[in-house]
Every structure is written in structure tokens, then in C-alpha cells.
Amino acid sequence: MTSGERSLSQYHRIVIKIGSALLVDRKSGLKSSWLNAICQDIADLKAKGLDVLVVSSGAIALGRTVLDLPSGALKLEESQAAAAVGQISLARAWSESLSRSSIVAGQILLTLGDTEERRRYLNARATINQLLKIGAVPIINENDTVATTEIRYGDNDRLAARVATMAGADLLILLSDIDGLYTAPPHLDANARFLETVADITPEIEAMAGGAASELSRGGMRTKIDAGKIATAAGCAMIIASGTTDNPIRAIVEGARHSWFAPSPAPVTARKTWIAGHLQAAGELHVDAGAQTALRAGKSLLPAGVKKIVGQFSRGDTVSVIGEQGREIARGLVSYDADEARRITGRKSGEIEEILGYAGRAAMIHRDDLVITGVTRKKVEGSMENKDKANA
């Protein structure tokens, strides 16, 4: 899709990333009228049945104005203090503005580890999905009050891409002060061409965004291209558009210029490669014939279909699913620790709460976290099963 109006109703779940400069003025503070306008855009999307998530910068910038901190670079502890103050104001502003359209906002603060470490990733994703299920709009930001320079994203473009892949979004919209990708910085090169559609993020496209150490790359186009690589590889399209006018989402729909990045044509394969080949299995779940048939039909693995647990693993670890012929038929991210998995093996999902004492997930491995592999299990001395018996 190129020129003219762009329909967003073709998408199911949209992540909108908003830069600090769009939300906060250094002198006057929060730009309330702009916030109210984009909240109306969000309400319009939700009225069409779309799920909407917002990755909102602005906590530190807003905190600076509230605390009347001097201009210039802040020390780490000053930034964290500003974020602590600003995040309260920012969350309240989003909540009040969305409530005008009878929309409930939910705040989620993430650190890099929350999306990179499996257990925290699954918890964050479960929270996001539950908020969307009940019709709320998650308002997500990096947890600047605790993140240090060594363990933070450093920009919300990449955080937004991580959130998009975590939430299974099919469109990521990056709103900033530029309307899209150019072949060169337009303020420096009068011959710079605007790119309306980017079919693939090639090395040439990356070069247009500037090198890692270039002036352009600092908080600029480079991080947006990095975000695009993360999102499109997972099957999520991306739009870079200007947010400097009121109702920027409506403007995109009505034909305002923007760059559209096509999603990967084989995102599922990329994810399956990641699960099946890049993570070492921490344990084994041996299943019956019925479960094996269900998995091949695209279903989740339920406790009732599991016959035996082998190995010691934690929730979120990658485990092998072993069929009746002793072959690995799938791999996935398990929803329970090994000890808990053993207790609910062969039982119905409705019995989980009574057995474990809390309402756990219905699936041992959800279908979204499972890939059919068909790899032959190797019968070698010192196998995982032998090691498990030795540790029993």
C-alpha cells in the first residue's frame, strides 16, 4: 500500500510509540491538547475492533518540568528521580484523557530484562494480553527509575518493537518529529528522496539511517530502523510517521505521508527457528497419541495429554515434547516449573487450581509458544532421562 488513504482496519493489534517531544514541552510541560487528540484517535481504532497498545516516552521530560530541573544533561540518579515524579503525572494524564472515551488505561513499566529473560517475558506478556482482553489500553514505558545505563533499552523505539513482538501485534507505528525514511538526512541533503515503502531492511536501508556512531543515530532514525528489524522479522509491519500535528493516526488514515515497512513473508519460520534451534531444551514432556495428534493440528499441549516429565526446568524454559515413538515432535516454552508439571501430569486443566493451590495456565505449553519439529530423539548414553533418574 503506497499513496493515498491507508486503512488500519486491516490490522488486529497496533502498538503506537510516542516520543517525548510530542507529549512534553520543555517549558510548559504536558501538551494536553495533543494528548487528548491522540486519545481520540485511539478511541476511533478501538471502535473498529482493534487492540491498541501505547509505548509512551515522556516521564523524565515531564518530571524535569515538575521538579524545575535545569536544562542540560542529567546525572543517572537525577534522571531516575525525574522519571519517578514524571511517571505519576504521565500515567494520570493518559488515564484521564482516555477515560473521556470510556477507555481504561493500564500502566506497565518494563526493563530490558523483562523482555529478554524468559519467565519475566511470559509474565509481562500475560499481563498485556489480559489488559487487552478486558478492553483496556496498556500504557507502557521503560522503567527509568531502576534501569541503569548498562541494563536499559536507551530508547523507546526498540522497546516498542519488543512490545510489538511480545504482544503479537501486526502493526507498529513510530510517531516522531519526522514523517518517514529518506535516502539521506533531508535537512542536510536537498536531493534526499522520501521512501514511501520499504520491502526489506537491507544494508543499504540501514546505511540511510546513519552509522552506529553518527550524529543522526543518537535517538534518531537509526533506532527506528533497529526497531523495524525487530518488528518486521516477527511478521509485524511498521510505519514511521510525523506526530507533530493533532490526530496523527487519523492523518495517516487520511493520506498523510509516511514510510511503511513490510513484514517478513516468513515470520513463523523465523520464530520456530528461534525456539527449536537456538535454545537448548531444559527438559522433556512425554505425551500420548491424542496429544500428539492435537499438537500437529495446531493445538496447545494440555496437562491431560502428558504422560511423563523428564529433567529439571523452570517456567519459561524451552522443553522437548516427546511422542509415543520416543521422537521429539515439538519444542516449546513451558508454563510450569518441573515439580509443578509433575503434579498436574495427566490431569484435566480444570483440576490445576485444586492441585497446585492457585489458578495456573490451562496449557502446559501454549500453542503460541510451541513449534513442531519432528526431530529424532537420540538414544545416547547419559541422556536427559538417565540424568533425571540419577538426580531423583
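These exercises work through a strand, its sheet, a helix and the nonpolar cores of one model.

The model is predicted: local features need pLDDT of at least 70, side-chain atom pairs count only at pLDDT 80 or more, and totals for chains, interfaces and linings use all residues. Residues are numbered from 1 along each chain as its sequence is written, and side-chain values use heavy atoms, with hydrogens and water left out.

**Exercise 1. Find which strands pair with β13, and in which sense.**

Step 1. Locate β13 at residues 284–287. Strands are DSSP runs of E, at least two residues, and helices are runs of H or I, at least four, numbered from the N terminus.

Step 2. Apply the pairing rule: DSSP must find at least two bridges between two strands.

Step 3. Take β14 (residues 306–310): its pairing with β13 is antiparallel, over four bridges. V287 stands opposite V306, and L285 has I309 as its bridge partner.

Step 4. Take β15 (residues 318–322): it runs parallel to β13, joined by three bridges. Here H286 faces I322.

**Exercise 2. Place β13 in its sheet and state whether its faces are covered.**

Step 1. Read the strand order: β14-β13-β15-β16-β17, an open sheet of five strands with mixed pairing.

Step 2. Mark the edges. They are β14 and β17 (370–372), each pairing on one side only.

Step 3. Check the faces of β13. In a regular strand, side chains alternate between the two faces of the sheet. E284 and H286 lie on one side, L285 and V287 on the other, and all are buried. Buried means under 20% relative accessible area (1.4 Å probe, protein chains only).

**Exercise 3. Compare the span of α2 with the expected span.**

Step 1. Count: α2 (residues 32–47) has 16 residues.

Step 2. Use the rule: 1.5 Å times one less than the number of residues.

Step 3. Compare. The first-to-last C-alpha span is 22 Å, close to the expected 22 Å.

Step 4. Look inward and onward. Buried residues of α2 include W34, L35 and I38. Just after α2, G49 has a positive phi of about 90°.

**Exercise 4. Identify the hubs of the largest nonpolar core.**

Step 1. Define the core: buried Ala, Val, Leu, Ile, Met, Phe, Trp, Tyr and Cys residues joined through side-chain atoms within 4.5 Å.

Step 2. Pick the hubs. Of the 38 residues, V15, L172 and L181 touch the most other members.

Step 3. Find the main contributor: α7 gives the most to this core, with seven residues.

Step 4. List contacts (heavy atoms within 4.5 Å). Those of V15 include L53, V55, A160 and V163.

Key
Buried < 20%, exposed > 50% of the residue type's maximum accessible area, 1.4 Å probe, protein only. Lists of a residue's contacts leave out its neighbours within four places in sequence.
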